[in-house]
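Take a look at the model shown here. The report below walks through its pockets, its charged pairs and a few single residues.

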Amino acid sequence: MTVLLWVLAVLAVPTVLFGLWMAWVFLKEFFSPATDADAGRSAAEALGLLPAERQNVTLAGPLPPGHEPALAAVRGGDWKAAAKLMHDAGRDWERRSFTAYLLGEIAAKEDDWLLAWESDRPDDPDAAVVRARSTVVLAWDLRGGKKAEYTTGEQFGGFHRMLERSRAEIGRAAALGPDDPTPYVTEIWVALGLGYPHSAMDRLWAEITARAPHHYEAHFSALQYWCAKWRGSQELAAEFAERAASGAPLGSLLTAFPLIAHFEHDTSDDSGVDRTPRMIGRVDAGLADAAAADPRHPRLPELRHLLAYYLALQDRDDAALEQFRLVDGYVNALPWRYAGDGEAMAAFYCRIRNASARAVAAGAATD
């Protein structure tokens with residue numbers, strides 16, 4: 001019997017060893033993502049990059065100098081701080097529309113300070129354009145950010161009524177500031193929400209380009225209108241984006257739009273569509289555009305976020321990390337914005353960023 005047991009034990013050894021090997025393979029596969037994630041976090045931390053919980057989820061990048069204390073004063077009821085911000089923007093149309101939007105967001109929640117401004121200066125074009133923007137912001141707040149099938153009839157009713165009301169406010173702002181493209185940029189979101197026909201959108205676009213032919217926010221807003229999810233199609237969005245980028249001077253940031261049009265319509269799970277020679281060329285054009293841009297351009301961080309994302313997908317991790325360094329701490333931009341709420345945005349951003357940091361660290365270790 002003892003001999004038989006020894007024989008059986010010897011025969012069982014290969015089976016046990018095979019089982020142990022299979023268990024090791026399983027555990028390695030099961031835990032390797034966590035190991036990679038830990039390595040990515042460590043690599044990012046070593047570079048001084050911020051963890052997800054320290055990312056600002058309301059902005060794409062830092063506010064221009066002086067904006068933060070001024071906006072805090074406005075929230076406290078000081079309309080003169082708002083008036084100064086708008087006055088200081090002058091005829092820098094990009095900065096003006098950016099500032100008007102920030103103030104419009106505040107007024108959509110509490111507008112006592114704006115009412116006081118309008119009372120003190122009833123025909124101030126700056127106050128009028130902020131009022132127009134706040135009315136449109138409020139309309140979209142009433143609608144909510146969910147898809148149509150998850151939006152109630154009551155939400156749509158308030159949304160449409162407020163957009164209709166905003167048209168009078170936009171018209172008044174345009175009359176008080178005839179050279180200013182900002183009221184017309186604001187109206188694009190009315191066109192999108194109310195479903196302006198393409199001919200009406202074309203007329204609106206002509207008003208904008210007559211005043212500011214390479215306006216970033218105007219192009220971003222119009223591209224949303226031309227996307228398939230709103231009033232256009234993938235083909236119309238792509239044509240609009242390519243036309244904008246090809247006719248724009250270096251430094252205008254309009255090279256962002258072919259990337260955005262691609263992102264908006266990309267339903268593939270295959271990252272190969274992001275690595276084609278055409279996409280690599282688009283990213284290279286964006287890098288040149290960002291390098292030539294005024295560092296104070298309020299929309300520059302938005303392009304940098306897109307570049308970081310696509311560079312990472314193209315395994316150009318050193319270049320991706322350079323862009324990530326320039327925007328780190330802020331995540332409210334494409335593509336992260338579409339991930340969900342603030343926590344989801346920050347998690348998505350950090351996952352892609354940390355993967356690039358890990359790849360760069362691994363490459364340095366092998367040199």
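Which residues lie nearest the centre of the second largest pocket? They are Asp 294, Pro 295, Arg 296, His 297 and Pro 298. Keep in mind that this is a predicted model.

## The second largest pocket

The lining of this pocket is made of 22 residues. Its volume is about 570 Å³. Three elements each give two or more residues to the lining of the second largest pocket: H4, H14 and helix H15, which spans 317–327. Sorted by class, that lining holds 12 nonpolar, 4 polar and 6 charged residues.

## The cavity

Now turn to enclosed space. The model has 1 cavity of 30 Å³ or more. The largest cavity has a volume of about 50 Å³. Its lining consists of Tyr 216, Phe 220, Ile 260, Glu 302, Leu 306, Ala 333, Leu 334 and Arg 337. Helix H10 (216–226) supplies at least two of these lining residues, and so does helix H14 (300–313). By class, the lining of the largest cavity has 6 nonpolar residues, no polar ones and 2 charged ones.

## Salt bridges

Side chains of opposite charge can pair when their charged atoms come close. How many salt bridges does a search of the whole structure find? The search finds 21. The table gives three of them.

| Pair | N to O distance |
|---|---|
| Asp 126 and Arg 96 | 2.8 Å |
| Arg 167 and Glu 164 | 3.4 Å |
| Arg 299 and Glu 302 | 2.9 Å |

Start with Asp 126 and Arg 96, whose side chains meet in a salt bridge. Asp 126 sits in helix H6 (residues 125–143) and Arg 96 in helix H4, so the pair ties together parts that are 30 residues apart in sequence. Are these two residues buried or exposed? Asp 126 is buried, because its relative accessible area is 13%, under the 20% limit. Arg 96 is also buried, with a relative accessible area of 6%.

The pair of Arg 167 and Glu 164 belongs to helix H7, which covers residues 153–176. These two residues are 3 apart in that helix, so about one helical turn separates them. Arg 167 is partly exposed, at 39% relative accessibility. Glu 164 is partly exposed too, at 44%.

Next comes Arg 299, which forms a salt bridge with Glu 302. Both residues are buried. They also belong to a network of salt bridges that links Arg 133, Glu 217, Arg 299 and Glu 302. Glu 302 appears in the lining of the largest cavity as well.

## Two single residues

Where is His 262 placed? His 262 is in helix H12, which runs over residues 256–265. His 262 counts as buried, because its relative accessibility is 16%. Which residues does His 262 contact, leaving aside neighbours within four places in sequence? Its contacts are Val 273, Asp 274, Met 279, Arg 282 and Tyr 310.

Arg 91 is placed elsewhere: in the loop between helix H3 (79–89) and helix H4 (93–109). Is Arg 91 buried or exposed? Arg 91 is exposed, because its relative accessible area is 58% and the exposed class begins over 50%. Along the chain, Arg 91 and Gly 193 are 102 residues apart. In space, 28 Å separates the C-alpha atoms of Arg 91 and Gly 193.

Notes
Residues numbered from 1 in each chain as written. Predicted model: local features only at pLDDT ≥ 70, side-chain atom pairs only at ≥ 80, totals over all residues. Heavy atoms only, no water. Helix = DSSP H or I, 4+ residues; strand = E, 2+ residues; numbered from the N terminus. Buried < 20%, exposed > 50% of the residue type's maximum accessible area, 1.4 Å probe, protein only. Salt bridge = Lys/Arg side-chain N within 4 Å of Asp/Glu carboxyl O. 1 Å grid on protein atoms, 1.4 Å probe; cavity = no way out; pocket = protein on both sides within 12 Å on 5 of 7 lines; lining within 4 Å. Points joined across faces, edges and corners; volume = space filled by probe spheres on them. Nonpolar A, V, L, I, M, F, W, Y, C, P; charged D, E, K, R; others polar. Contact = heavy atoms within 4.5 Å.
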